[in-house]
Structure formats: C-alpha cells, structure tokens
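Colleague: I should like to learn how to read the features of a protein model one at a time. Could we take the general idea of each before turning to the case at hand?

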Amino acid sequence: MTELDGEPAGIRELTALAMINYGHFTTMRVADGRVRGLSLHLDRLVRDSGVLFGTAPDRDRIRELARRAVAEATGPLTVRVTVYDPDLGLERPGAEARPRILVTTRPAAAPSPPPLSVRTAPHRRDLPEVKHVGLFGLLRLRRLAQLDGYDDVLLTDERGAVSEGATWNVGFFDGHRLLWPEAGCLPGVTQELLRRGHAGPQHTEPIGRDRFGGLEAAFALNAGVGVRAIRSIDGVEFDPGHPVLDVLREEYAATAAEPL
C-alpha cells in the first residue's frame with residue numbers, strides 16, 4: 001500500500017519525492033495493530049519536521065493513517081511514514097512548506113535473520129541526528145561492501161570511532177557492560193528502548209577499531225528486526241551466540257507495544 005494523506009499516491013507526488021529527495025521518515029514494525037516504541041517514532045517525526053520544515057505534523061493524524069494502512073493485515077508489516085512536500089521545488093526549497101504524509105507498507109522481515117559480517121568505512125551522514133530520505137551515500141557504501149563479500153557497512157567518524165550502521169545502530173558487550181558508541185549518529189528507537197530496559201550496566205564511549213579484539217559480542221539494532229548479531233567486523237570475529245544477545249532480545253520482547 002502506498003497512500004498520501006490517506007489517498008492513493010499519484011505519479012506526480014511520487015515523482016517529486018524521487019526527484020527532489022527532501023524529507024524525513026520513520027519505519028515501524030506493526031503486529032496486531034501495535035508498535036514497540038510508537039511514542040518515540042512519533043516524537044522523531046515531530047522533531048525532524050521541525051528541523052526540515054519548521055512545522056509539526058499531527059500525531060493523531062499519523063496514527064490514523066498508519067491504522068488505515070494496516071487495517072486488513074494478516075501478519076506483521078513494516079510501515080514507513082515519510083513526511084515531505086511534493087510542491088517544494090528544486091529552485092525554491094526555501095518556500096513555505098506544506099508537508100504531507102506518505103504511508104507505505106511491505107511484509108515485515110524475518111524475526112531471526114542470520115548474523116551480519118560487516119566492514120567499516122569512513123562516512124558521516126548529512127545531519128546524522130535526522131532520519132532523512134538522503135540515502136545515496138549509505139546505499140553506495142552498502143553496495144560496495146556487498147560486492148566485496150560482506151553483508152553491510154559500519155560507519156566511522158573522523159577519529160576512526162564507530163558511529164552507526166548503514167540503516168541500524170550498533171552496540172557491543174565487553175563481558176561486563178553494554179557499550180554504546182559516542183559519535184554522531186541517528187538516535188534509534190530500538191536502541192533507546194534497550195537503554196531504558198536493560199537491567200545490567202551500560203556506558204557510552206568512543207569505540208575505535210583497535211577495541212574490537214577485546215569485545216565479546218556486537219549487535220545491530222533497528223525496528224525491523226530488533227536485535228541482530230554481528231559475527232565479524234573487518235575480519236574480527238564475535239560470538240553470534242553470546243548469551244547477552246538472548247538477554248537483549250528478551251528485554252526487547254518484553255517492551256510493551258503501543259496501539260496505533
């Protein structure tokens with residue numbers, strides 16, 4: 001399903017998104033009409049609209065449109081809510097914006113995907129704190145990694161410290177604590193839910209490639225799959241069956257899902 005403000009999206013409006021590529025989005029896994037971290041997803045849309053457009057979308061309207069999109073679903077869906085203005089042109093992006101809400105759905109990913117093999121690459125997303133639609137740099141790096149036999153790419157900043165994956169947050173376990181990268185990245189919903197729900201110690205600090213050999217587990221996080229094991233980064237092996245990963249999955253699964 002692809003609907004703009006509750007109506008079938010027209011070719012003109014979709015062409016504008018493809019050609020201008022200015023907007024932001026959030027992606028949610030919806031099961032039985034409920035979403036883990038729904039309030040955080042809505043907070044993100046409001047916050048990012050303020051940054052990109054100087055406006056705030058109506059939270060209840062977003063929920064209404066998302067409910068409509070999943071009304072006849074028979075299984076879990078991935079729902080993407082994109083906020084953009086199809087009338088905002090290339091020549092005058094500074095014109096007054098009237099953002100609209102595009103809702104698209106697709107079948108949700110498998111709940112237990114295989115562990116990832118990734119490599120690092122120096123890259124900083126434009127405006128990393130915003131989940132914007134400018135994905136070219138990320139997809140290019142992911143493509144190059146896959147052509148070289150990896151599954152995905154993990155970004156590093158100007159210090160060589162890891163920041164985030166192409167479309168996911170990253171975390172590590174050193175045998176005692178969860179470690180979160182201290183670097184510019186998108187504040188992920190799944191990551192925030194685990195920060196709040198994890199019972200053990202955790203810390204945020206710079207994590208360079210020289211640290212990988214001393215860490216026991218690494219994992220990717222996003223709303224589509226929850227907690228996904230990373231089995232190697234730049235050839236450094238991690239335990240994809242480490243018990244801490246099951247703990248994190250259980251903690252995430254225990255997070256109450258909110259109704260749309």
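The dialogue below treats sheets, a helix, a buried side chain, backbone angles and empty space in turn.

Modeller: Please bear in mind throughout that this is a predicted model.

Colleague: How are the strands of a sheet held together, and in what order do the 5 strands of the open sheet lie?

Modeller: Strands of a sheet pair through backbone hydrogen bonds, and the pairing is either parallel or antiparallel. Here the open sheet has the order β2-β1-β6-β5-β3, with antiparallel pairing. Its edge strands, β2 and β3, each pair on one side only.

Colleague: How many bridges join the strands β1, β6 and β5?

Modeller: Strand β1 (residues 2–4) is joined to β6 by 3 bridges, and β5 is joined to β6 by 8. Individual partners can be read off as well: Glu-3 stands opposite Val-103 in β6, while Tyr-84 has Arg-100 as its bridge partner in β6. On the side of β2, β1 is held by 2 bridges, and there Glu-3 is partnered by Pro-8.

Colleague: Which strands pair with β11?

Modeller: Strand β10 (residues 169–173) runs antiparallel to β11 and is joined to it by 2 bridges; Phe-173 has Leu-178 as its partner. These two strands form a hairpin with 4 residues between them, and Gly-175 in the turn has a positive phi of about 105 degrees. With β12 (residues 202–205) the pairing of β11 is parallel, over 4 bridges, and Leu-179 faces His-203 there. From β11 the chain passes through helix α5 (residues 189–197) to reach β12, a β-α-β crossover that is right-handed.

Colleague: Are the two faces of β11 covered or open?

Modeller: Both are covered. Leu-178 and Trp-180 are buried on one side, and Leu-179 and Pro-181 are buried on the other.

Colleague: What should I look for in a helix such as α2?

Modeller: An α-helix has 3.6 residues a turn, so residues three or four places apart point the same way. Helix α2 (residues 38–53) has 16 residues and spans 22 Å from first to last C-alpha, close to the 22 Å expected. Its buried residues include Leu-38, Leu-42, Leu-45, Ser-49 and Leu-52, and also the polar or charged His-41, Arg-44 and Asp-48. Among the elements covering the buried residues of α2 are β3, β4, α3 and β5. After α2 comes Gly-54, with a positive phi near 70 degrees.

Colleague: Is Phe-172 buried or exposed, and why?

Modeller: Phe-172, which lies in strand β10, counts as buried because its relative accessibility is 0%. Beyond its sequence neighbours, Phe-172 is in contact with residues including Val-162, Leu-179, Ile-207, Phe-212, Phe-219 and Ile-233. By contrast, the C-alpha atoms of Phe-172 and Val-103 are separated by 33 Å.

Colleague: Which residues other than glycine have a positive phi of about 55 degrees?

Modeller: Asp-5 has such an angle, and so has Asp-32. Asp-5 is in the loop between β1 and β2, whereas Asp-32 is in the loop between β3 and β4. Their surroundings may be read from the relative accessible area: Asp-5 is partly exposed at 23%, and Asp-32 is exposed at 79%.

Colleague: Finally, how is empty space found, and how many cavities of 30 Å³ or more does the structure hold?

Modeller: Rolling a probe the size of a water molecule over the atoms shows where empty space is left. There is 1 such cavity, and the largest cavity has a volume of about 50 Å³. Its lining includes Ala-16, Ile-20, Tyr-22, Tyr-84 and Leu-88. Helix α1 (residues 11–20) gives the largest share of that lining, 3 residues.

Colleague: What is the volume of the largest pocket, and which residues are closest to its centre?

Modeller: The largest pocket contains about 830 Å³ of space. It is lined by 40 residues, of which Lys-131, Arg-142, Thr-167, Trp-168 and Asn-222 are the closest to its centre. Elements giving two or more residues to the lining include β3, α2, β5, β6 and α5, and the largest share, 4 residues, comes from α4.

Definitions and conventions:
Residues are numbered from 1 along each chain as its sequence is written. This is a predicted model: local features need pLDDT of at least 70, side-chain atom pairs count only at pLDDT 80 or more; totals for chains, interfaces and linings use all residues. Side-chain values use heavy atoms; hydrogens and water are left out. Buried means under 20% relative accessible area, exposed over 50%, partly exposed in between (1.4 Å probe, protein chains only). Two strands pair if DSSP finds at least two bridges between them. A crossover is right-handed if, with the strands pointing away from the viewer, the path from the first strand over the helix to the second runs clockwise. The expected span of a helix is 1.5 Å times one less than its number of residues. Contact means heavy atoms within 4.5 Å. On a 1 Å grid over the protein atoms alone, a cavity is a set of points where a 1.4 Å probe fits but cannot get out, and a pocket is an open set with protein on both sides within 12 Å along at least five of seven lines; lining residues have an atom within 4 Å of a point. Grid points are joined across faces, edges and corners, and a volume is the space filled by probe spheres set on the points.
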